[in-house]
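Welcome! Let us look at a structure together and ask, step by step, what lies behind each label.

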Amino acid sequence: MGHDVETLKSQLPLLEYLRQQNWTGRRAGRFEYVGLCPLHKESRPSFYVNTRKDVFYCHGCGQGGDLIRFVQLSRQASFRQSLAYLTPQTYRDADWTALLKPTAVFYQQQLDHCPEALEYLRQRGLHDPALIRELCIGYAPGGVLRHHLTMQGHSFSVLREAGLINAQGADALYQRIVFPLCQGEHIVNLYGRSIGAAFAHRFLPGGKGGLYAWEKVRRCSEVILVEGLFDYAALRQAGFCNVTCSLGTHLNADQFHQLSDGPRTIYIAFDDDANQSGRQAAEQLAHRLAAHGISTRRVLLPEGHDPNSFFVGGGDAHQFQSLLEAAQP
Ligand SMILES: [Zn+2]
């Protein structure tokens, strides 16, 4: 494998991995976080993460262990598969990343043939065909990717290792709108947003990379930062060009470095959730950026809204511009 378990775990703490999977936990002690268990259905949090020991334990289903154990349980994978799944892309076989491009292209082709996906995009207020093309948005109807890629000569085991296909041979991003995440010319990951009742978000293995479409805005003196790709798309469609997206409220080290690598003002437009998590995350980020000399403004959306729902709910570019102008340091 050439990349041992301890090295892997030291590079990817369990909490960081869980956050990449959009797990949200609140601090429950000096080295402890608690949140809803991703391994079983529950309405009251009983899933604990200990950051010092780098392990989890769920009082609801009784499962516990380290990062590898968590991946085994959550993805129903073997130890070896889990290890391969977690190994960063830079250490992987070149085949892995080479698969992302044909997969993204294939999903893009599926979109126009899937009325349920187009209907979902319409519901989310995304209707500009040129923007949908520019962002290379696709759809995974499920069950067809394996055939398509094996016909192109890729082996089933590589598809599995890349996390594109589950043990049953179905698409991991099944029934999801798919956004390719790019770094320069390269696709580094695919983000899937469920159009049904399945787990809402999913990334493929390997982390989310840097800020979305950062190359486009890195020279702008004012940048709007949103947490979701539909927020990003809604703002772009409304004519705002200086937008980027962190794919969640927790920025990884690369993303934070990008925001803080030069003088600029960041307008943070995270969701205004009922549980205040977006607001808290925005405040924390503003503090961290201030410590690096970056000025920030907090965009206060109407209660319960994110930028996407703001536009879906009838808001227009002019009104959003007013929110930007009213944004507080
Ligand atoms: Zn549990």
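Q: What makes strand E3 and strand E4 a pair?
A: Strands pair if DSSP finds at least two bridges between them. E3 (residues 47-50) and E4 (residues 55-58) have four bridges and run in the antiparallel sense, so by that definition they count as paired. Two of the partnerships are Val 49 with Phe 56 and Asn 50 with Val 55. The names E3 and E4 come from DSSP runs, numbered from the N terminus: helices are H or I with at least four residues, strands are E with at least two.

Q: What kind of model is this, and how are its residues numbered?
A: This is a predicted model, in which local features need pLDDT of at least 70 and side-chain atom pairs count only at pLDDT 80 or more, while totals for chains, interfaces and linings use all residues. Residues are numbered from 1 along each chain as its sequence is written.

Q: What lies in the turn between E3 and E4?
A: The two strands form a hairpin with four residues between them, and Asp 54 in that turn has a positive phi of about 60 degrees.

Q: How do you know that E4 also pairs with E5?
A: E4 and E5 share two bridges in the antiparallel sense, and the definition asks for at least two, so the pair qualifies. In E5, Gly 65 is the bridge partner of Phe 56. This hairpin has five residues between its strands, with Gly 62 in the turn at a positive phi of about 80 degrees.

Q: Why are E1 and E5 called edge strands?
A: The open sheet has five strands in the order E1-E2-E3-E4-E5, with antiparallel pairing. Strand E1 (25-29) and strand E5 (64-65) each pair on one side only. E1 is joined to strand E2 (residues 32-35) over four antiparallel bridges, with Arg 27 facing its bridge partner Tyr 33. Two residues separate E1 and E2 in their hairpin.

Q: What makes E1 "hardly covered"?
A: A residue is buried if 20 or more other C-beta atoms (placed from the backbone) lie within 10 Å of its own, exposed if 12 or fewer, and partly exposed in between. Among the five residues of E1, the count of buried ones is zero.

Q: Why is Gln 76 called exposed?
A: Gln 76 has 12 other C-beta atoms within 10 Å, and exposed means 12 or fewer, so the label fits. Gln 76 sits in the loop between H3 and H4 and has a positive phi of about 45 degrees although it is not a glycine.

Q: Why does Cys 136 count as partly exposed?
A: Cys 136 has 16 C-beta neighbours inside 10 Å, which falls in between the two limits, so it is partly exposed. Cys 136 lies in the loop between helix H8 (129-134) and E6, and its positive phi is about 55 degrees although it is not a glycine.

Q: Which residues of helix H4 are buried, and what do they pack against?
A: In H4 (residues 79-86), Ser 82, Leu 83, Ala 84 and Leu 86 are buried. The buried residues of H4 pack against helix H1 (5-11), helix H3 (67-75) and helix H10 (156-161).

Q: Why does the largest nonpolar core lie between two domains?
A: A nonpolar core is a set of buried Ala, Val, Leu, Ile, Met, Phe, Trp, Tyr and Cys residues joined through C-beta atoms within 7 Å. In the largest one, with 63 residues, Val 178 and Leu 229 touch the most other members. Helix H12 (residues 229-237) gives the most, with six residues. Domain 2 (94-203) and domain 3 (214-326) both contribute residues, so the core lies between them. The domain bounds come from an automatic or database domain assignment.

Q: How many residues of domain 2 and domain 3 are in contact?
A: Eight residues of domain 2 are in contact with ten residues of domain 3, where contact means C-beta atoms, placed from the backbone, within 7 Å.

Q: Why does each edge strand of the four-stranded sheet have a side without a neighbour?
A: The order of this open antiparallel sheet is E6-E7-E8-E9. Strand E6 (138-140) and strand E9 (201-203) each have a single partner strand, so one side of each is left without a neighbour in the sheet.

Notes. Contact = placed C-beta atoms within 7 Å.
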